[in-house]
Every structure is written in structure tokens, then in C-alpha cells.
Amino acid sequence: MADQVEHVISIRGLVNRFGSLTVHDGLNLEVRRDEVLGLVGGSGTGKSVLLRSVLGLHGPNHGTIEVLGHQIRHHQPGPHKKWGVLFQDGALLSGLTVQENVELPIALHSDLPVETRRELAVLKIFMVGLDLTAASKYPNELSGGMRKRASLARALALEPKILFLDEPTAGLDPLSATEFDELVRYLQANLDLTIVMITHDVDSLFGICDRVAVLVNKGIIVDTLKQIVKHPDPWIQEYFGNPRAVRARKAAKAKAKEKS
Amino acid sequence: MKLTEEIDALRVMGLNPNQILIIPRVLGLMIALPLLTIFADAAGLLGGAFIGATVLDINWFAFTERLAVTIDTQDLMVGISKAPAFAFIISVTGTLRGMQVKGSAEELGRLTTVAVVQSIFLIIVADAIFTVVYSRIGF
């Protein structure tokens, strides 16, 4: 089984420099099919730069990035139909309603009739837990949590293979954050999705991630949660040794026991 | 738009932001500004007629009669022909600076000011060029 793991994203020898500052130096990362990969790291370690490189929004100095067999180049067409992205504050188009925002990618990449497109968008909006009143609203009339859900609906509009989440629970109250985590887990299980998620939230890390990638020393350390907490790197030790992380870990363990 | 990652979102969906954000604005202004020029011309003439009638004791009939003699279509065309060029300058400067906004709302304000100042400057330069060219060809 282990040698048959399919990689949906492979990054090789990635180098990102800003002036004299090197953020990534020969970074390699492989993302497996159907996993939830959490991406963590201190501020300035280049989490967002890594994500932007993978999405073709940032041109790295060196290295190759392949997503679903598609070579990623800066500002060149990528596998637009096969990925969905949830940006930090949603990044919904402010001039369009939620419904129109969700319809946009469908209209762009398919020739479905208007009626079907509308119904499909409504389906996605329901799927993320919003209702029809929210669908007809403009992004600035929504709360932060609803905006994220709406943006998630847009990301899922074309039934992507990979979903990128940039701090999905940042700025949400604990209740909404937990709900959002559950939603992500539910969608992952039901839609055959691979998820790459930047997060600072230890609860979502322990709650939904299969593996964790930690950005340290201009490179990356990837392992399962069980293994990575034992890693000797000082930043990792500090991160997972902090009381919040310890609490989250215990809570996740208790929950896992409850289930079995 | 740039601030809230909307432009990134467009790119990720496979849309070219230059195409859908810049071109409509440039074309839109190139249509709207000549119309605005006509409107401003009309308002100017009406204002002149009003002051003439109320303050200078030139009645409406005399005003329109003199107007027809002193002003011809060419005067109107000189103004309107410049408008699309000015519209192009304003919209390109505005959208270009808008695309350069990075990070903070402060930056947005700064670049808005930059765009306004540069537009005004470029319009003065363009107007000077128009004047030279028009006087050369006797337009």
C-alpha cells in the first residue's frame, strides 16, 4: 500500500527569496491523495508564500511544482477546474451576491444551461450550511463566518479534487470554528477531497488533520500528528508543548476514544 | 479588491484580472467621458446664457444668434476629440495604481492620491501635445 500512494501535489527544490531574505531553501513536499494536510509554522516562515507558489500566484526563484500532473507556472493557467481555494477573508467578489459568486466558476468552466447552473449553486450553498436568504446577499452584508462558508461554496462549485484553505478558522468564535472544522471533515469524507490547510488553530490541527507539515529552518518537516510531537526540533517542541496545544491534543484523544 | 485577495481569487479560478477589471473600465470611461464633455459644454453655454440674460442684459435671442456666428461645430469637435484620450489616461493610471495596492488600507489611500495627481499631470501634458498638433494641422 505504502508504495502505491498517489501524490496530488509534489514540490521539489523550492527556493523563495525576498531580497537577501531566504524563506524557502530547497523545500520538498508531497501531498497524498485524500489526506488532510495541516500547514503550520511561525510567522515569517513562508506559509502563505508556499501556498501562493502552489497556486501560481507567486513565482518561486527555483524549483518545480506539480499539481495533479500539471506543471505550475507563475500567472499561467493552472488546473482551475480541479482546485478550489478558500482565501483568508473569503475573497468573494464584492460586486456580486453570494449566489452569483458561486455561479461564476460554473459559468466559466462549463456550458450548463442557466437553470442548472443556478440549481447547482444553490446546492453548494446548502451544502456549506447557508440558506437562501444568505444566497441573495452581498458579501459585505454577511458575518465573517458566513463569508467563509460562502467562499467555501464557491471553492466547491466545480467539485474540485484539491481544496486549499488559508486559515479557515481564523477570526471565528470557538463555536463557529468547531462547526467549520466539522464541516470540512464532513466534506472531505463525502467528496473525495484532498485538503491542504494553513492553520494556527491547534484544535483544528488535532481535530481534522491526517498529517502535519511544519515549516522550520527554510525547509519542511512532514509527519503524522502522533510522530511529529516527538520531533526534536525546538520550534516544534515549543509549539506542541504549549498548554493550548496540549489541551487540544487531549481533547482530540478523548473524542477519538468516545467514537470507538 | 487587491486588499481582500479578490484578484488572487480571480486568477485561481482561471480568469485574467487584466481582462475583466481593466478593459471594461478603460472602455467604459472612453465612452462616458465624451458624453460628460457634451454635458459640460451644454451646462457652460446655458450658464453663459443665464448670466447674459440676468446680469449683462443680453437677451436669449441675441445670445443664441451670436453663438451661432462665433462658435461652429469644429470648436465642439476639438473638445470631444480629446475626451477619449483623456479617458484612456485617467482609467489606465487609475487601474494600474489600483493593481499596485499591497497590504494595507493606508497604501490604498496613498495610491489613490498618486493616481489622481498623475492623471492630472498627464492630462496637462496630453492637452499641450493636442494643442501643438491641432495648431499645426490648423484644426
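## Where the two chains meet

Across the interface of chain A and chain B, the rule finds 1 salt bridge. The partners are R52(A) and D8(B), whose closest N and O atoms lie 2.6 Å apart. That value sits inside the limit for a salt bridge, which asks for a side-chain nitrogen of Lys or Arg within 4 Å of a carboxyl oxygen of Asp or Glu. Please keep in mind as you look around that this is a predicted model.

Polar contacts join the chains too: 8 residue pairs between chain A and chain B are counted, with both residues at pLDDT 80 or more. On chain A, two elements each supply at least two residues of the side that touches chain B: β6 (83-86) and α2 (98-109). Of these, α2(A) gives the most, with 4 residues.

## What the interface is made of

How many residues does each chain bring to the contact? Chain A provides 20 residues and chain B provides 12 residues. Sorted by type, the residues on the side of chain A that touches chain B are 11 nonpolar, 5 polar and 4 charged.

Together, chain A and chain B bury about 1300 Å² between them. Carbon and sulfur atoms account for 66% of that buried area.

## A closer look at L104(A)

A good residue to find on your screen is L104(A), which belongs to helix α2 of chain A. Which residues does L104(A) touch, leaving aside its neighbours within four places in sequence? They are L93(A) from its own chain, together with M13(B) and L15(B) from chain B.

For a sense of distance inside chain A, try L104(A) and V202(A): they are 98 residues apart along the chain, and their C-alpha atoms are separated by 34 Å.

## The build of chain A

Chain A contains 10 helices and 10 strands. Its C-alpha atoms fill a box of roughly 55 × 45 × 40 Å, taken along the principal axes.

Does that make chain A compact or extended, and why? A compact globule of 260 residues would have a radius of gyration near 18 Å, and chain A has 19 Å, so the value agrees with a compact globule.

## How confident the model is in chain B

Chain B averages a pLDDT of 86, and 96% of its residues score at least 70. Within chain B, confidence is highest in helix α5 (residues 105-137), at 89, and lowest in helix α3 (residues 60-70), at a mean of 84. As a reading tip, where pLDDT is low, the predicted coordinates should not be read in detail.

Terms used: Residues numbered from 1 in each chain as written. Chains lettered and ligands numbered in written order. Heavy atoms only, no water. Contact = heavy atoms within 4.5 Å. Buried area = accessible area lost by both parts, 1.4 Å probe. Polar contact = N/O pair within 3.5 Å; in protein donor to acceptor, adjacent residues only side chain to side chain. Nonpolar A, V, L, I, M, F, W, Y, C, P; charged D, E, K, R; others polar. pLDDT = per-residue confidence, 0-100. Rg over C-alpha atoms; globule rule 2.2 N^0.38 Å.
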